[in-house]
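Walk through this structure with the coordinates open. The route goes from strand pairing to covalent cross-links, and then to unusual backbone geometry.

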Amino acid sequence: MRGLAFAFHALLIYATGAAEAVKLVHRLGTLGESVVLSCNYTVANESAYVKQWAKDDRTIVNWNSSSTTWIIRDPRFSIVDNGSLQINNLTASDENIYLCVIILSGVEEDRTGTELTIVDGPNEVTTQIGPTASLPNGTLYIKMGANLSLNCFSQSYPLLVLKWIVDPPALNHSKLPSGDGPALEYTLLSVGSQNQGNYSCSATNPVSNKTVTKTTLLLVYNAPSKHPECYSKIGNDSTQLLLHCMWEKRAYPTPTLHWAEEKSTLGDGRSVLNVSEASDNLEVSLNRSQLYDDQVFKCTGHHPVLGPEEEKSCSLTLKAPYPKGQPLAIGFVGKNVSLSCTEDRSIPVATTTWRRTKEQVEILPSSKYIISQEGPVFTLTIVNCSKEDEEVYFCRSENPIKVMELEVSLTIETSNTGAVIGAFIAVLIVAAGIFIGSLAYSYRDRICLGNAFRSEERNDVLELVDSDSDSDAVYDESVTRIVAVANGHASSLVQIHPIAPSDQDDIKSIDAEKEEENTHEEVLVTF
């Protein structure tokens with residue numbers, strides 16, 4: 001800019017000494033390239049010619065009339081096309097005002113000026129968009145919810161304006177920035193599906209109006225946050241199994257689902273199931289020959305933004321049916337009887353039907369047969385039983401893995417007398433048990449001591465003779481049986497009283513009589 005001011009000063013000097021003002025013509029020159037500046041004189045006379053070119057009040061090209069040659073001070077300068085000035089390999093210092101002097105009939109006739117402005121670029125634009133990953137075709141994608149950083153770089157002389165543009169425009173794109181300078185940075189927070197599109201950074205030189213743009217396609221990928229859902233069901237044929245795997249439909253792009261058997265069952269190591277498809281709902285079919293009880297199948301969901309450590313999957317285990325119930329049932333003539341079975345194990349859910357006789361004729365609902373279901377319990381009610389209903393009945397459950405049956409044998413009685421007798425006998429047994437238990441409880445202490453039903457008290461006569469006494473005193477005492485004392489033995493309490501000598505004869509006679517009456521009685525005393 002200082003050079004331009006100096007050039008204008010020189011132009012004023014030239015214009016002051018001239019007969020009329022200098023007319024300026026604006027030209028642009030590209031840095032490093034060539035430019036041709038015309039003298040622009042309009043005098044229609046063959047004797048008119050260009051005498052010199054000046055810059056900064058200094059002659060740079062001059063016509064030598066004596067030698068009829070041009071005196072050129074810079075090898076980058078040359079005269080072409082009747083006095084036009086050509087400048088090669090332009091530099092920033094070439095930006096100035098150039099004056100052309102025209103000679104007509106030996107007299108300086110006219111001066112023309114050209115204002116040369118040097119420009120450069122922009123030639124290319126560099127962008128950085130992240131955090132992103134790249135598809136094989138170079139398209140960038142980012143995970144939904146991430147923060148998007150937009151960076152743009154370019155070079156231009158003398159000025160540069162950068163601007164971000166997106167197509168199609170989204171609501172929050174209205175604030176995409178622009179600015180002067182070689183770099184422009186911007187961040188979009190928590191990108192969503194509306195932020196998907198073509199992101200362009202344009203670089204413009206406001207002097208030359210040259211614009212360069214770089215466009216990048218950005219996809220916003222949305223990976224499912226939950227695991228897939230697995231379920232199974234019976235196909236059109238009872239031996240056909242359908243496996244379903246469903247993932248969130250809002251995922252973008254469409255995920256890939258893969259069904260496989262957890263453990264290979266074929267002899268050559270191959271799995272009976274190994275299927276992949278780009279879909280959010282994958283259904284596969286298997287037949288009974290490929291299935292067995294407790295077989296495990298797994299569905300795995302794959303998405304570009306999910307790493308190996310973020311695997312999403314579901315699995316299911318096949319279960320053969322197993323109906324349970326009472327194998328025997330009794331009904332009465334003229335009454336209703338109900339047969340039931342429970343099937344709550346099978347995966348997929350089995351089809352359960354009732355059949356009768358060894359030929360297994362399927363029973364259909366009618367006025368004779370009422371078939372009902374409450375959860376896993378299946379009930380067959382036979383209305384107004386007769387002897388003809390005394391048959392073998394089957395609760396038959398079938399899923400694609402196998403068929404399982406519960407056999408129920410139904411007996412029809414003419415009356416319920418047997419039930420009454422049985423109930424009476426049961427009451428008697430219970431009453432007898434209560435009586436025996438009460439009796440045992442009452443004599444529990446004696447039962448423990450082994451003397452359950454003996455008399456509680458017994459009187460024994462014990463004679464003690466004091467050998468140290470000269471009078472040979474005799475003692476008489478009644479012994480009373482005492483049961484269950486602290487030492488765990490049955491003990492006798494003995495009280496001893498002395499008898500006077502005068503009474504000894506009477507006692508002896510009494511003892512003699514007792515001995516005769518109790519010749520076989522024994523006295524046992526335990527201390």
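In this predicted model, strand β21 (residues 256-261) pairs with strand β22 (residues 274-278) over five bridges, and the sense is antiparallel. Take W259 as a reference point. Its bridge partner in β22 is V275. Strand β21 has another partner, β24. That pairing is antiparallel too, and it runs over six bridges. Here T256 is the residue to pick out: its bridge partner in β24 is H302. How much of β21 is covered? Five of its six residues are buried, so the strand counts as mostly covered, with buried meaning under 20% relative accessible area. As background, side chains in a regular strand alternate between the two faces of the sheet.

Strand β24 leads on to the cross-links. C299 sits in this strand, which spans residues 296-302. Which cysteine does C299 bond to? Its disulfide partner is C245, and the two sulfur atoms are 1.9 Å apart. C245 lies in strand β20 (residues 240-246), and the pair links distant parts of the chain, 54 residues apart. The torsion about the S-S bond is -80 degrees, and the link of C245 and C299 is left-handed. Are these cysteines buried or exposed? C245 is at 0% relative accessibility, so it counts as buried. C299 is also at 0%, so it counts as buried as well.

Now widen the view. How many disulfides does a search of the whole structure find? The search finds five. Count the bonded cysteines along the chain, and the pattern of the disulfides reads 1-2, 3-4, 5-8, 6-7, 9-10. Each such link is a covalent bond between the sulfur atoms of two cysteines.

One of the five joins C39 to C100, with an S to S distance of 1.6 Å. C39 lies in the loop between β2 (35-37) and β3 (49-55), whereas C100 lies in strand β8 (residues 96-104). These positions are 61 residues apart in sequence, so the pair ties together separated parts. What is the handedness of this disulfide? The torsion about the S-S bond of C39 and C100 is about -85 degrees, so the disulfide is left-handed. Next, check the burial of both ends. C39 has 3% relative accessibility, and the cut-off for buried is under 20%, so C39 counts as buried. C100 has 0%, so it counts as buried too.

Another disulfide is formed by C341 and C395, their sulfur atoms 1.8 Å apart. C341 is in strand β27 (residues 337-342) and C395 is in strand β32 (residues 392-398). This pair links distant parts of the chain, 54 residues apart. C341 is at 1% relative accessibility, so it counts as buried. C395 is buried, with a relative accessible area of 0%. Look at C385 as well: this cysteine is buried, with a relative accessible area of 1%.

The backbone comes next. Most residues other than glycine have a negative phi, and most peptide bonds are trans. Where does the model depart from that? Start with the peptide bonds. The bond from G130 to P131 is cis, with omega near 0 degrees. P131 is found in the loop between β10 (125-130) and β11 (133-134). A cis peptide bond also joins I347 and P348, where omega is about 0 degrees. P348 belongs to the loop between β27 and β28 (351-356). Strand β27 is already familiar: it holds C341.

Then turn to phi. N89 is not a glycine, yet its phi is positive, about 50 degrees. The residue lies in the loop between β7 (84-87) and β8. Strand β8 has appeared before as the home of C100. How accessible is N89? Its relative accessible area is 48%, so it is partly exposed.

N209 also has a positive phi, near 60 degrees, and is a residue other than glycine. Its place is the loop between β17 (197-205) and β18 (210-221). Is N209 buried or exposed? Its relative accessibility is 59%, and exposed means over 50%, so N209 counts as exposed.

Note on methods. Residues numbered from 1 in each chain as written. Predicted model: local features only at pLDDT ≥ 70, side-chain atom pairs only at ≥ 80, totals over all residues. Heavy atoms only, no water. Disulfide = S-S within 2.5 Å. Helix = DSSP H or I, 4+ residues; strand = E, 2+ residues; numbered from the N terminus. Buried < 20%, exposed > 50% of the residue type's maximum accessible area, 1.4 Å probe, protein only. Pairing = 2+ DSSP bridges.
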